[in-house]
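Welcome, and please load the model in your viewer with a cartoon for the backbone and sticks ready for side chains. We will go from stop to stop, selecting a few residues at a time.

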Amino acid sequence: MKKNIREKRNAADLACILKMPQGRRLLWRLLQACRLEEHGFVPGDSQATAFHCGQKSIGLFLQAEIAQVSPLVLAQMRAEYLSEITAEQNQINKKVRYYIMSETATTASDMAQTNDFLQADEGSGRSSQSATGAVTDRPSEKEETFSPEDAYKDLRLPETLQGCEAGFASFKKLAGELKLPAETVQKLVEWESTATQEGQQNSQRERAEILQKWAEQTKQALGASYQQDIAHALQAAQRFGGPELRELLEVTGLGSHPVVVKTFHAIYQQTSEDVSVSGQIRHHTDKTFAEALYGKAL
């Protein structure tokens, strides 16, 4: 399967998961387990440090994959998580209040008031008591007057998320269903923008560090014949690989890997040809194999 087809399929798979609340909850738990907001360094314990850095690396990869599919979905996942936590805390607070009221009730009137409080809480603001004592499903005044269009009219999309207007509209719809304040929604969107930007920067930095490490390993492995062996490997890659191979190595960064360089050098030795594609002898280069192959510096 070609790389671009596989990437599209992976993105479509992840998008299907993110459409389901169950999928978003699962991915959020995984991100939390990776401890992205914690420092991985453990003083005096290199093994624990390495373990935590490994956790964080997986989390950054997953976060980048999610952001690439839908930049605003991370903010949506956080909003849903906060909403769930808030609802659970509200239930705990109601139980505590009911317990205090029931323990301090001394008269029948106090007990009746306590029961009315419990019944009102069970309605969660969506039901009210009629004159005859029957419970109706009439919406509360707060729910009737809340308008997402008015509440979120001043929200702005950060520059780093420009082009994600459709996702922004979906997120505002969800925020309206959760009745989140406009200030909270704006903070969540800005957090998502910052997290997306940091994730991209971390990925780029980690990639650069890996490629640099591979280049150093290649130079060390080839030793004194480094320049000549690089030229030979480059010649074999250009002759037998062509543009498609060059693109593949550039996208994956494998053009810097010592195994790839040594493999093409071995191909050159097997063909026993010391002539470049243009017909000119070329033994030396001051570039790495990847730089010479791509025609630009890493």
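Start by selecting residues 165-178, helix H8: its 14 residues reach 20 Å from first C-alpha to last, close to the 20 Å expected at 1.5 Å a residue. Helices here (H or I, at least four residues) and strands (E, at least two) are DSSP runs, numbered from the N terminus, and the expected span is 1.5 Å times one less than the number of residues in the helix. Before going on, note that this is a predicted model, in which local features need pLDDT of at least 70 and side-chain atom pairs count only at pLDDT 80 or more, while totals for chains, interfaces and linings use all residues. Residues are numbered from 1 along each chain as its sequence is written, and side-chain values use heavy atoms, with hydrogens and water left out.

**Around H8**

Show sticks for Phe168, Phe171, Leu174, Ala175 and Gly176, which are buried residues of H8. Buried means under 20% relative accessible area, exposed means over 50%, and partly exposed is in between (1.4 Å probe, protein chains only). Step just past the end of H8 to Lys179, where phi is positive at about 60 degrees. Most residues other than glycine have a negative phi.

**The whole chain**

Now zoom out. The chain has 13 helices and two strands. Of its 298 residues, 31% count as buried. Contact means heavy atoms within 4.5 Å; among contacts between residues at least 6 apart in sequence, 67% join residues at least 24 apart.

**H1 against H2**

Two packed helices are described by the angle between their axes and the distance between the axes. Select residues 3-19 (H1) and 21-33 (H2): their axes come within 4 Å and cross at roughly 105 degrees. Axes are lines fitted to C-alpha atoms, for helices over the stretch in contact, and angles run from 0 to 180 degrees between N-to-C directions. H1 and H2 are therefore roughly perpendicular to each other. For the angle classes, under 35 degrees is roughly parallel, over 145 roughly antiparallel, 65 to 115 roughly perpendicular, and the rest oblique.

Add side chains at the contact: Leu14, Ile17, Leu18 and Lys19 from H1 meet Pro21, Gly23, Arg24 and Leu27 from H2. By class, this contact of H1 with H2 holds five nonpolar, one polar and two charged residues. In this scheme Ala, Val, Leu, Ile, Met, Phe, Trp, Tyr, Cys and Pro count as nonpolar, Asp, Glu, Lys and Arg as charged, and the others, Gly among them, as polar.

While in H1, pick Lys8. Is Lys8 buried or exposed? Lys8 counts as exposed, at 61% relative accessibility. Draw a distance from its C-alpha to that of Val69, 61 residues apart along the chain, and you should read 9.9 Å.

**Glu80 in H4**

Next, select Glu80 in helix H4 (residues 73-104). Glu80 counts as buried because its relative accessibility is 18%. Leaving aside neighbours within four places in sequence, which residues is Glu80 in contact with? The partners are Arg24 and Leu174, so this stop leads back to two earlier ones: Arg24 belongs to the H1 and H2 contact, and Leu174 is a buried residue of H8.Glu80 and Pro21 are 59 residues apart in sequence, with their C-alpha atoms 8.9 Å apart.

**The loop after H2**

Move to Arg35, in the loop between H2 and helix H3 (46-69). Phi of Arg35 is near 55 degrees, a positive value in a residue other than glycine. At 33% relative accessibility, Arg35 counts as partly exposed. Two cysteines are worth a click here: Cys34 is buried at 10% relative accessibility, whereas Cys53 is partly exposed at 41%. A search of the whole structure finds zero disulfides (pairs of cysteine sulfur atoms within 2.5 Å).

**H9, H12 and the loop before H12**

For the last stop, select helix H12, residues 258-271: its end C-alpha atoms are 20 Å apart, in agreement with the 20 Å that 14 residues should span at 1.5 Å a residue. Its buried residues are Pro258, Val260, Val261, Phe264, His265 and Tyr268.

Add helix H9 (residues 182-222), which packs with H12 at about 45 degrees, with the axes 8 Å apart. H9 and H12 are therefore oblique to each other. Trp214, Gln217, Thr218 and Leu222 in H9 meet Pro258, Val261 and Lys262 in H12. The residues of this contact divide into four nonpolar, two polar and one charged.

Finish at Gly253, in the loop between helix H11 (242-252) and H12. Gly253 is buried, with a relative accessible area of 2%. From Gly253 to Ala208 the C-alpha distance is 9.2 Å, across 45 residues of sequence.
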